[in-house]
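Colleague: I'd like to go through this model with you before I plan anything around it. Could you put it up on the screen?

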Amino acid sequence: MELSISPSSSLRISAISPHCETSSRCKKILIKPKCKSPDFSLKSSKSLSSIGLFKHRSCSTVSNRHHKRISIWVCTQIGAAGSDPVLKKVSEFKDAFWRFLRPHTIRGTALGSTSLVARALIENSNLIRWSLLLKAFSGLLALICGNGYIVGINQIYDIGIDKVNKPYLPIAAGDLSVQSAWFLVLLFAVTGLLIVGMNFGPFITALYCLGLFLGTIYSVPPFRMKRFPVVAFLIIATGRGFLLNFGVYYATRAALGLAFEWSSPVAFITTFVTLFALVIAITKDLPDVEGDRKFQISTLATKLGVRNIAFLGSGLLLLNYIGSVLAAVYMPQAFRRSLMIPAHTILALMLIFQAWLLERANYTKEAISGFYQFIWKLFYAEYIMFPFL
C-alpha cells in the first residue's frame, strides 16, 4: 500500500511493539511521501521527524538512507479478522440464524413464560427454591425451540411468498439454504421434546407435542391450514394464547409441588392473550396482502381489504382493554385497580392513536408494517405488567 501525503495532512503513527514484527497478523505498509506544493506542512514533517521517518523540515529532504520508501510494520488484527473467511461465515450464519428465529415471536414467548412463572412464584413465595431456577431455564429453552420449529417450518414452505412479502428472511434472501433450515427445525423439535420429556412429565409433554402438531399442519402440505382463515386464526390463538399460558402455569405449579388451579389473574391473562393472539393472527396478514394475492392465499385481508381488517383488529383489542378495566372495577379483591385501570386505559388510547395514524397514512405498506409491529409491542406490554396486576 502506498500513502501519499497531501499538504493538509497531519500524519500520526502509533508506537509499534517489538513483537509485532514477527506476528502472522502484521502487514507491511510502504509510505511514499509526495510533495504537491513547496508549502509542505511543517507540522507533518516535524511529526514524522520525531519518529525518525524524516530528518529535515521539508519533504524534499527525506533521508536517503531509507531510499525514500519507508517500511513500517503495523499490526492489523481487526483487518485480519475481518478478512478471515471462517469468521465471516460464522458472522453471516449468526445473522441468518437470528432472522430465521423471527425475533419478535421469540420475545413474545420469552416474556409470556417468564411473566407466568413470576406470577406463580409471587402467589407462592414461601415455596421458592433455588433448584427451580435450572428447571425454569430449561423450560424457557424448550419453548424457544418449539417457537423456532414452528416459525422455521413456515419459512421452508413459504419461500416463494416470502420473496414477495418478506424478502429479508434468510431462506428467501438466499442467506440460509433449505437443507440448513431443515437441520435447524429438526434440531429444535428434538431438543425441545427431550427437554420437556425429561423434566416436565407426560401431560406437559403431550401439550408440547400438540403445539408442534398445530404448527406443522398450519404450514405443511397437504394440510396447510393457513389457507383457511378461520382455522388459521384458531391455531394461532390456541398455540400462543391458551397452550402457552395454561401449560407454563401448570408446569410451574407442578414444580412447586402444587395441584393446578385457576387464579383470577391467570384466568384473566389467558383469556386476554388468547383474544390478543387472535388479533395477531388477523393482522399478521396485513403486510402480506401483495404476496398472498399473487400466490392465491386466501386471507381475511385479501377478502375484506386492509382497512377493514385493521379496524376489526383494533376493535377486538379495544374490547380486550375495556374488559380489563371492567374486571378491575368489579373484582377489586383480585386485581390492583390502581395499576390495571390507568395502564389499560393508556394502552387503549395509544392503540386508537396508531389506528388514526394508519388511516392518515392511507394504509401504505410501511404504515401497515409499523402498525403490526405496534400491536406486538402492546402484546409485550401486557406480559410485562401481568406479574404486578
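Modeller: Here it is, and we can take the annotated spans, the cysteines, the cavity and the charged pairs in turn, keeping in mind that this is a predicted model.

Colleague: Which residues does the UniProt annotation "transmembrane region" cover?

Modeller: According to the UniProt record, which is an unreviewed entry, that annotation covers residues 132–157, 177–196, 203–221, 227–250, 262–282, 309–331 and 338–358.

Colleague: What does the chain look like over residues 262–282?

Modeller: That span is 90% helix and 0% strand, and its end C-alpha atoms are 28 Å apart. For residues 338–358 the model gives 100% helix and 0% strand, with the end C-alpha atoms 31 Å apart.

Colleague: Switching to cysteines, how many disulfides turn up in the whole structure?

Modeller: The search finds zero disulfides.

Colleague: And is cysteine 145 buried or exposed?

Modeller: Cysteine 145 is buried, since its relative accessible area is 6% and the cut-off for buried is under 20%. Cysteine 209, on the other hand, has a relative accessible area of 34% and is therefore classed as partly exposed.

Colleague: What about internal holes, how many cavities of 30 Å³ or more are there?

Modeller: There is one cavity of 30 Å³ or more in the structure, and the largest cavity has a volume of about 30 Å³.

Colleague: Which residues line the largest cavity?

Modeller: The lining is made up of Ala310, Phe311, Ser314, Ala355, Leu358, Tyr363 and Phe371. By class that comes to six nonpolar residues, one polar residue and no charged residues.

Colleague: Which helix gives the most to that lining?

Modeller: H14 does, with three residues, although helix H14 (306–330) and helix H15 (337–360) each supply at least two residues of the lining.

Colleague: Now the charged pairs. How many salt bridges does the count come to?

Modeller: The count comes to eight salt bridges. As general background, side chains of opposite charge can pair when their charged atoms come close.

Colleague: What does arginine 99 pair with?

Modeller: Arginine 99 forms a salt bridge with aspartate 175, and the closest N and O atoms are 3.0 Å apart. Arginine 99 lies in helix H3 (residues 85–100), whereas aspartate 175 lies in the loop between helix H7 (170–173) and helix H8 (178–199), so the pair ties together parts that are 76 residues apart in sequence.

Colleague: Why does arginine 99 count as buried?

Modeller: Its relative accessibility is 19%, and the cut-off for buried is under 20%, so arginine 99 falls in the buried class. Aspartate 175, with a relative accessible area of 45%, is partly exposed.

Colleague: Where do glutamate 123 and arginine 119 lie?

Modeller: Both are in helix H4 (residues 103–123), four residues apart, which is about one turn of the helix. Their side chains meet in a salt bridge at 3.4 Å, N to O, with arginine 119 buried at 9% relative accessible area and glutamate 123 partly exposed at 29%.

Colleague: And what does lysine 166 pair with?

Modeller: Lysine 166 forms a salt bridge with aspartate 288, where the closest N and O atoms are 2.7 Å apart. Lysine 166 sits in the loop between helix H6 (159–165) and H7, and aspartate 288 in the loop between helix H11 (264–283) and helix H12 (289–294), so this pair ties together parts that are 122 residues apart in sequence. Both lysine 166 and aspartate 288 are buried.

Colleague: Which residues are joined into one network by salt bridges that share partners?

Modeller: Those are Asp95, Arg99 and Asp175.

Notes: Residues are numbered from 1 along each chain as its sequence is written. This is a predicted model: local features need pLDDT of at least 70, side-chain atom pairs count only at pLDDT 80 or more; totals for chains, interfaces and linings use all residues. Side-chain values use heavy atoms; hydrogens and water are left out. UniProt positions are given in the numbering used here, feature names are shortened, and annotations may be inferred rather than shown by experiment. A disulfide is a pair of cysteine sulfur atoms within 2.5 Å. Buried means under 20% relative accessible area, exposed over 50%, partly exposed in between (1.4 Å probe, protein chains only). On a 1 Å grid over the protein atoms alone, a cavity is a set of points where a 1.4 Å probe fits but cannot get out, and a pocket is an open set with protein on both sides within 12 Å along at least five of seven lines; lining residues have an atom within 4 Å of a point. Grid points are joined across faces, edges and corners, and a volume is the space filled by probe spheres set on the points. Ala, Val, Leu, Ile, Met, Phe, Trp, Tyr, Cys and Pro count as nonpolar, Asp, Glu, Lys and Arg as charged, and the others, Gly among them, as polar. A salt bridge is a side-chain nitrogen of Lys or Arg within 4 Å of a carboxyl oxygen of Asp or Glu.
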